[in-house]
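Please open the model in your viewer, with the sequence panel alongside, and follow the stops below in order.

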Amino acid sequence: MHEKARTTRLEKLRFSGWRWVGVLAVVAVLAWLALRGLPDGRLHVYFLDVGQGDAILVTAPDGRQILVDGGPSPTALLSELGDLLPFWDRDLDLVVLTHPDGDHVTGLIPLLDRYRVAQVLDVPQSDTAASTAAWRERLVAAKTPRTYAQRGMRLSVGDLRITVLNPAATPMRGTASDENNNSIVLRLDYGQTSLLLTGDAETAAEAAMIAAGLSLRADVLKVGHHGSNGSTSAPFVAAVAPRVAVIQVGADNTFGHPNPEVLKRLAGVQVYRTDQQGRIEVVSDGRLVWVK
Ligand SMILES: [Zn+2]
């Protein structure tokens with residue numbers, strides 16, 4: 001009888017000990033999540049794993065957050081954002097829609113249900129895709145400020161400088177795809193490092209940016225139009241002279257992206273692909289750029 005009472009007491013003690021371990025583990029996880037959400041003075045550019053389409057999350061060195069395109073799937077986008085942003089963080093400082101195509105805009109439609117978007121950078125192109133109309137209706141309903149992008153616009157996000165390289169003041173007409181060629185192209189500069197985010201800009205837009213004498217040289221190039229052969233022309237690759245190229249592309253896509261000719265033109269450049277590597281993170285400390 002006496003023995004049994006002792007055992008019970010010991011078991012109780014042991015249980016209460018495990019409970020403390022559990023509480024400490026929860027505290028440790030919360031502390032880790034809190035630290036993870038703090039800015040680290042570095043620029044992080046995440047090429048999200050959303051299938052055949054573009055969605056890029058930029059975390060500025062001061063912690064502000066910019067989303068460039070939303071990819072083809074709301075589920076994939078929200079899952080990627082949920083993975084990367086702390087659970088209490090529901091603010092996006094800027095959302096950019098490079099052009100109104102389904103593989104860039106569809107993921108954005110339910111974004112406002114979960115995130116507060118401070119402002120949107122858009123293009124003055126009509127709603128050719130039903131999903132673009134749906135997204136723009138949501139923006140109007142939420143009274144989200146919307147600005148049209150134009151070459152030469154600049155935005156400072158702490159020490160991160162963002163420059164709009166495309167579209168020009170007069171949008172392109174009569175190209176192979178005006179919609180793609182009027183894509184918003186952004187240049188990101190942090191310290192001595194730079195990235196180009198090109199949307200689905202094709203050869204005509206690339207030639208126009210070269211002809212305009214824009215500063216195109218960059219460490220990292222987001223390859224235009226998912227590696228289609230109509231983009232990433234040899235003169236553009238020479239003008240950018242990237243060390244790293246990222247292709248956002250879905251596995252087994254029906255377009256044959258990325259095109260083997262594009263990969264040839266990128267010979268000597270370190271190429272990363274979301275269909276092979278999943279989410280790709282580029283980090284810059286202002287001096288060096290590296291890929292995770
Ligand atoms: Zn696209």
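What percentage of the residues in the protein chain is buried? Buried residues make up 49% of the 292 residues in the protein chain, where buried means under 20% relative accessible area, exposed means over 50%, and partly exposed lies in between (1.4 Å probe, protein chains only). This is a predicted model, in which local features need pLDDT of at least 70 and side-chain atom pairs count only at pLDDT 80 or more, whereas totals for chains, interfaces and linings use all residues. Residues are numbered from 1 along each chain as its sequence is written, and side-chain values use heavy atoms, with hydrogens and water left out.

**The whole chain**

Begin with the protein chain in cartoon view, where its C-alpha atoms fill a box of roughly 95 × 45 × 40 Å along the principal axes. The cartoon should show 10 helices and 17 strands; helices (H or I, at least four residues) and strands (E, at least two) are DSSP runs, numbered from the N terminus. Next, colour residues 1-36 as domain 1 and residues 37-291 as domain 2, bearing in mind that the bounds come from an automatic or database domain assignment. The centres of the two domains, taken over C-alpha atoms, are separated by 48 Å.

**The zinc site**

Select the zinc ion together with Asp103, His104, Asp200 and His226, which coordinate the zinc ion through OD, NE2, OD and NE2 respectively, at 2.0 to 2.1 Å. Donors are N, O and S atoms within 2.8 Å of the metal (3.2 Å for Na, K and Ca), and water is not among the atoms, so sites may look incomplete. Along the chain, the donors follow the spacing D-H-x95-D-x25-H. His104 lies in helix α3 (residues 102-105) and His226 in the loop between β13 (220-222) and α8 (234-240), so this pair ties together parts that are 122 residues apart in sequence. Both of these histidines, His104 and His226, are buried.

The angles among the four donor atoms run from 87 to 148°, and the site is classed as irregular. Under the rule used, four donors count as tetrahedral if all angles lie between 85 and 135 degrees; four count as square planar and six as octahedral if opposite donors are over 155 degrees apart and all others between 65 and 115; anything else is irregular.

**Thr232 and Ala241**

From His226, move along to Thr232, which is in the loop between β13 and α8. Thr232 has a positive phi of about 55° although it is not a glycine, and with a relative accessible area of 1% it is buried. Ala241, in the loop between α8 and β14, also has a positive phi, of about 45°, without being a glycine; at 32% relative accessibility, Ala241 counts as partly exposed.

**Two cis peptide bonds**

Select Asn166 and Pro167, which are joined by a cis peptide bond with omega of about 5°; Pro167 lies in the loop between β10 (160-166) and α6 (178-181). Then select His257 and Pro258, where a cis peptide bond has omega of about -5°, and Pro258 is placed in the loop between β14 (244-247) and α9 (260-265). As background to these two stops and the previous ones, most residues other than glycine have a negative phi, and most peptide bonds are trans.

**Salt bridges**

A search of the whole structure finds 11 salt bridges, each being a side-chain nitrogen of Lys or Arg within 4 Å of a carboxyl oxygen of Asp or Glu. One of them joins Arg116 and Asp91, whose closest N and O atoms are 2.9 Å apart. This pair links distant parts of the chain, with Arg116 in strand β6 (residues 116-117) and Asp91 in strand β4, 25 residues apart. Arg116 is exposed, with a relative accessible area of 53%, whereas Asp91 counts as partly exposed at 34% relative accessibility.

Another pair to select is Arg138 and Asp113, with 3.1 Å between the closest N and O atoms of their salt bridge. Here Arg138 lies in helix α5 (residues 130-141) and Asp113 in helix α4 (residues 111-114), 25 residues apart. Asp113 is exposed, with a relative accessible area of 58%. Finally, show Glu80, Asp83 and Arg279, which are joined into one network by salt bridges that share partners.

**The chain end**

Finish at Lys292, in the segment after β17 (289-291), which counts as exposed at 61% relative accessibility.
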